[in-house]
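User: Please examine the following model with me. I should like to begin with the ligand surroundings and then turn to the domains and one individual residue.

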Amino acid sequence: MNPDLVARIDELKRQRNATILAHNYEPDEIQEIADFTGDSLQLSRKAAHIEADVVVFCGVHFMAETASILSPDKTILMPVLDAGCEMADMVTGEQVRQMKAEHPGAAAVCYVNSSAEVKAECDCCCTSSNAVAVAAAFADAPEILFVPDRNLGSHVAQTSGQKLTCWDGYCPVHDRITSADILAARRSHPDAVVMVHPECTDDVRAGADEILSTGHMCRFAAESEHREFIVGTEIGILYRLRLENPGKTFHPLTLTPSHARITLADILGARQAHPSVSVVVHAECTDQVKAAADEVMTTEEMGRFVASSGGREIVLGVTGGILADLRVANPDHTLHGLLSLPVCPDMKMPTVESVVAALENMQYEVRVPEEIADRARVAIERMISLG
Ligand code: 13P
Ligand code: SF4
């Protein structure tokens, strides 16, 4: 970390009376400069009681919106305004209104990963830390409408036995994890406890030992007698887990590669890890992945290409089986596979430089229109009062 930038941030924080909040998924260097790091519930609570004029929120858009709703007298800044949440964008206020009209008498609960407009339509909000407790507060309701996460909703229904009708939204980062990934991780680390986030699918949760929000993962890892953990959530959490538990080992959950599962984020990660090395992907990859690669080939073409490449380094976007065969056939070549990990590209957008710019230029302010904020606040404050 550049000490001049850190000093500049300290100076600007003093000048502006500013605090930096960061979600547990943020890049390591952002967590390092943050005054407070936490899960969605902890950040909401912090935002409600913060003693600062300016809050630089390093997270995604709905989090900054929640902070602005809870602290309308403060200036809430996001270092990168484009950092959104794909799941939050999967449902609109209008769609919630329609769902409510189709289910009269039902309670409406939204995951905090939703827009202010959606929160304004709901009776209560929840995070992954308190979703079961929030549902319990609606035990008398004949049915709970739950938006947008079908996986968290299903977890709540299974845990509480309550009737939930869930919107078909999901987090692309967690929904991508499969039970085969869990089995493979268990084979590689047989002594490790498997923790997964409730945004994972039913099958993945069923194959895990613990289903925990990121804040609860930190607490569980610290209090558990186990020494080794497989972490089934966005990899940013590893920074805190390792920092707070120096004697324990944390393995990220790696995703078994298949052509359809390779993402643009995997290609970008490989380019960062192996700059100026050619990236060759299989013809069965998605169009987005093929467009980001240097070459697109069939298995046969790849075999010929590697054999005639004179032993240079190559990044190969192929399944584990094809990569293993190519390594056996070309023992003198350096062939990198694509390391597939659960990464949320939006959470990785803030940089230390963008935090400096946010404080210097007071950018980019997030403010929710008063009429929506007033209604959304009711749902968020109700959640905070429930636990
Ligand atoms: P928590 O930090 O509340 O577990 O939420 C995870 C998440 O996906 C936030 O976007
Ligand atoms: Fe949204 Fe990213 Fe969190 Fe998934 S990991 S819920 S996409 S912010």
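User: How many residues surround ligand 1?

Analyst: In this predicted model, the closest residues to ligand 1 are D39, S40, S128, S213 and T214. By class, the shell holds three nonpolar, eight polar and two charged residues. The number of residues surrounding ligand 1 is 13.

User: How many nonpolar residues does the shell around ligand 2 have?

Analyst: Ligand 2 has 13 residues around it, and C85, M87, C171, V173 and C344 come nearest. One polar and four charged residues belong to this shell. The nonpolar residues of the shell around ligand 2 number eight.

User: How far apart do the C-alpha centres of domain 2 and domain 4 lie?

Analyst: The domain assignment gives domain 2 as 88–170 + 380–386 and domain 4 as 259–337. It also lists domain 1 (3–82 + 345–371) and domain 3 (177–252). Between the C-alpha centres of domain 2 and domain 4, the separation is 42 Å.

User: Why is G387 classed as partly exposed?

Analyst: G387 lies in the segment after α19 (370–386). A residue is exposed with 12 or fewer other C-beta atoms within 10 Å and buried with 20 or more. G387 falls in between because its count of other C-beta atoms within 10 Å is 13.

User: Which residues does G387 touch, not counting those up to four places away in sequence?

Analyst: A22 is 365 residues from G387 in sequence, and their C-alpha atoms are 21 Å apart in space. With residues up to four places away in sequence left out, G387 touches N130 and A133.

Conventions. Residues numbered from 1 in each chain as written. Chains lettered and ligands numbered in written order. Predicted model: local features only at pLDDT ≥ 70, side-chain atom pairs only at ≥ 80, totals over all residues. Near = placed C-beta within 6 Å. Nonpolar A, V, L, I, M, F, W, Y, C, P; charged D, E, K, R; others polar. Domains from an automatic or database assignment. Helix = DSSP H or I, 4+ residues; strand = E, 2+ residues; numbered from the N terminus. Contact = placed C-beta atoms within 7 Å.
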